[in-house]
Amino acid sequence: MAGVNRSPGSESESGDGPDDAGVAVDRVGKTYDDGGSPVRALDDVSFDVEPGEFVCVVGPSGCGKTTLFRIIAGLTDATDGEIRLAGAPVTGPTTDMGVVFQEYHLFPWLTVAENVGFGLERSDRSEAERERRVEEMLDLVGLTEFRDSYPKSLSGGMKQRVAIARSLAVDPELLLMDEPFGAVDAQTREMLQRELLDVWASTGKTVLFVTHDVAEAVTLADRIVVMAADPGRVAEIVDVDVSRPRERGDPAFGEHVARVRELIGAMP
Amino acid sequence: MATDTGSRFDGDDLRIGLGLDDPRRLGRGALGVVGFVLLWYAASLTQPAYVLPSPVAVADAFAEELASGTMTTALWSSVRHWIPGTFVGTTLGVAAGVAFSWSGLLDDVTAPLVRTLRPVPPLALIGFAIAWFGINDAGAAFIIAVGAFWINYYASYGAVEGVSEDLLDVGRTLGVRGGLDMVRSIVLPASLPGILTGVRTGLGRCWMLVVASEIFGVPGVGREILRASNNLLVDTVIAYILVLSLMYLLVDVAFRAVQQRVLAWQA
């Protein structure tokens with residue numbers, strides 16, 4: 001049997017999250033109550049992400065993955081519990097997190113370089129420093145030659161690289177991603193996955209990555225938080241004990257995929 | 001805002017603006033104009049001049065008004081109504097549209113007023129124009145400004161309403177704090193295409209309003225049209241209508257070129 005399974009919730013009983021760049025999701029619940037009967041979207045979701053760790057959240061549609069993503073990002077308020085980043089409660093959006101959305105959401109009126117530099121304009125860095133940082137990020141995602149292009153002329157994969165560079169430019173503690181490769185074709189997705197792992201290796205960022213693609217999670221993650229639906233909750237946390245770089249043909253890889261799929265139930 | 005892609009206006013902008021970039025289309029357009037004038041000429045042969053003057057009579061009237069200096073004086077006078085009226089109405093309309101659409105509080109406070117005032121045609125405000133400004137250029141400009149205001153108000157309001165919530169979320173995660181920063185860095189650029197469409201519509205509508213704004217006795221092209229109408233000088237009426245059309249065309253082509261330059265980032 002692949003992976004060591006931890007029982008959900010047990011890690012955060014102590015209440016204190018990791019000190020540096022780690023994330024604590026602590027008994028988070030969300031109830032939507034807009035007049036009709038209240039809907040419990042998330043219930044008692046708890047897990048930690050260690051500093052520098054790559055954690056994926058997978059689950060069937062309707063398990064509240066995106067709600068959880070928005071709560072961690074500080075874009076939606078939780079009904080219960082809290083998120084802590086490096087020990088401090090998250091009360092709203094913060095530049096300590098680099099957030100990447102599925103649909104890129106680049107600013108179409110800005111060039112690639114201007115998109116990447118958007119967050120830096122609000123930091124206290126000097127202009128020379130900001131420019132150097134933009135070049136560094138463009139180089140990191142291999143888009144230096146497109147620095148002056150507008151998003152309209154980029155492919156989906158390139159747009160997502162820009163979005164990743166834009167979120168990393170402000171040097172966040174955590175990279176938080178919601179199905180970032182869901183909108184590109186399979187080949188591009190695999191390439192972006194490899195690139196993301198390279199970025200992760202070279203920057204040492206903590207990454208929390210939401211996806212519905214089990215193979216993607218097994219390719220990327222140190223640990224996988226498997227969620228169940230109705231209400232959205234943590235079903236199990238699976239360690240991915242497969243050496244990197246991971247190959248899909250590796251039997252251990254296949255075992256992990258099968259194990260996670262079994263936990264989720266029927267899923268493609 | 002964007003990296004300077006150059007403010008240089010080369011011949012291409014003007015050619016595209018005028019539709020000169022496609023010779024076949026241009027040829028067909030010329031055919032349409034010639035065909036229309038011929039039909040008009042044929043029809044005018046069957047009618048007295050005060051019902052339908054011939055194109056030749058209109059050309060004569062045009063030349064006559066131009067030669068006597070009446071036309072240029074009238075046009076200059078109208079331009080002096082059009083420019084300040086359009087400028088003030090457009091500026092206030094865009095500002096109010098953006099502010100009321102962005103701020104829920106302002107929207108709530110102003111919604112009943114807006115709905116009450118919106119159906120008032122600018123012409124109905126002539127009494128106010130005379131009382132507040134007098135029978136002068138400022139009064140005429142006021143009428144034009146009211147027309148420009150509403151067009152730009154609704155275009156800007158709708159454009160800001162249409163700004164994607166996702167872009168605002170991205171802004172928040174990238175450190176945008178406070179309404180002013182959000183409006184300046186995301187809401188305005190994202191809604192610029194819609195705002196500029198409103199401005200362009202307004203520029204045209206204001207030429208139409210020039211006639212109405214001069215109805216109470218302020219000199220200008222509109223005044224000349226009304227004067228000629230009263231004397232059944234239909235050829236002169238058409239000559240001055242052509243002046244308005246030409247001004248509209250000139251402004252529209254120029255603005256479209258600017259618009260395409262500013263919105264070069266658009267797909």
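Residues 26-43 of chain B are 100% helix and 0% strand, and the C-alpha atoms at the two ends of this span are 26 Å apart. The same residues are among those that UniProt, in an unreviewed entry, lists under "transmembrane region" for chain B. The model is a predicted one, and the points below take up chain B, its contact with chain A, and some backbone details of chain A.

**Chain B as a whole**

- Chain B contains eleven helices and zero strands, so that, read from the N terminus on, its elements run α-α-α-α-α-α-α-α-α-α-α.
- Taken along the principal axes, the C-alpha atoms of chain B fill a box of roughly 70 × 50 × 30 Å.
- Chain B has 267 residues, of which 32% count as buried.
- When contacts in chain B between residues at least 6 apart in sequence are considered, 75% of them join residues that are at least 24 apart.

**Annotated spans of chain B**

- The unreviewed UniProt entry gives residues 26-43, 81-102, 123-151 and 237-258 of chain B as "transmembrane region".
- Residues 123-151 of chain B, one of these spans, are 79% helix and 0% strand, and their end C-alpha atoms lie 15 Å apart.

**Helices 10 and 11 of chain B**

- Helix 10, which covers residues 221-230 of chain B, packs against helix 11, which covers residues 234-262 of chain B, at an angle of about 160° and with the two axes 8 Å apart.
- Because angles over 145 degrees count as roughly antiparallel, helix 10 and helix 11 of chain B are roughly antiparallel to each other.
- The crossing in which helix 10 of chain B passes helix 11 of chain B is left-handed.
- On the side of helix 10 of chain B, the residues that meet helix 11 are B:Val221, B:Glu224, B:Ile225, B:Ala228 and B:Ser229, while helix 11 of chain B contributes B:Thr236, B:Val237, B:Tyr240, B:Ile241, B:Val243 and B:Leu244.
- Sorted by class, this contact between helix 10 and helix 11 of chain B has eight nonpolar, two polar and one charged residues.

**Where chain A meets chain B**

- The contact between the chains involves 22 residues of chain A and 16 residues of chain B.
- On the side of chain A that touches chain B, the residues divide into 13 nonpolar, four polar and five charged.

**The annotated domain of chain A**

- For chain A, an unreviewed UniProt entry lists residues 23-254 as "domain: ABC transporter".
- This span, residues 23-254 of chain A, is 31% helix and 27% strand, with its end C-alpha atoms 29 Å apart.

**Backbone details of chain A**

- Most residues other than glycine have a negative phi, and most peptide bonds are trans.
- The peptide bond from A:Asp230 to A:Pro231 is cis, with omega near -10°, and A:Pro231 is found in the loop between strand 10 (223-228) and strand 11 (233-239) of chain A.
- The peptide bond from A:Arg244 to A:Pro245 is likewise cis, with omega near -5°, and A:Pro245 lies in the loop between strand 11 and helix 7 (251-264) of chain A.
- A:Arg27, although not a glycine, has a positive phi of about 45°; A:Arg27 is found in strand 2 (residues 23-32) of chain A and counts as partly exposed because it has 16 C-beta neighbours inside 10 Å.
- A:Glu179 is not a glycine either, yet has a positive phi of about 40°; A:Glu179 lies in the loop between strand 8 (174-178) and helix 5 (186-203) of chain A and, with 19 C-beta neighbours inside 10 Å, counts as partly exposed.

Definitions and conventions. Residues are numbered from 1 along each chain as its sequence is written. Chains are lettered from A and ligands numbered from 1 in the order in which they are written. This is a predicted model: local features need pLDDT of at least 70, side-chain atom pairs count only at pLDDT 80 or more; totals for chains, interfaces and linings use all residues. UniProt positions are given in the numbering used here, feature names are shortened, and annotations may be inferred rather than shown by experiment. Helices (H or I, at least four residues) and strands (E, at least two) are DSSP runs, numbered from the N terminus. A residue is buried if 20 or more other C-beta atoms lie within 10 Å of its own, exposed if 12 or fewer, and partly exposed in between; C-beta atoms are placed from the backbone. Two residues are in contact if their C-beta atoms, placed from the backbone, lie within 7 Å. Ala, Val, Leu, Ile, Met, Phe, Trp, Tyr, Cys and Pro count as nonpolar, Asp, Glu, Lys and Arg as charged, and the others, Gly among them, as polar. Axes are lines fitted to C-alpha atoms, for helices over the stretch in contact, and angles run from 0 to 180 degrees between N-to-C directions. Angles under 35 degrees count as roughly parallel, over 145 as roughly antiparallel, 65 to 115 as roughly perpendicular and the rest as oblique. A crossing is left-handed if the near helix is turned anticlockwise from the far one by less than a right angle, and right-handed if clockwise.
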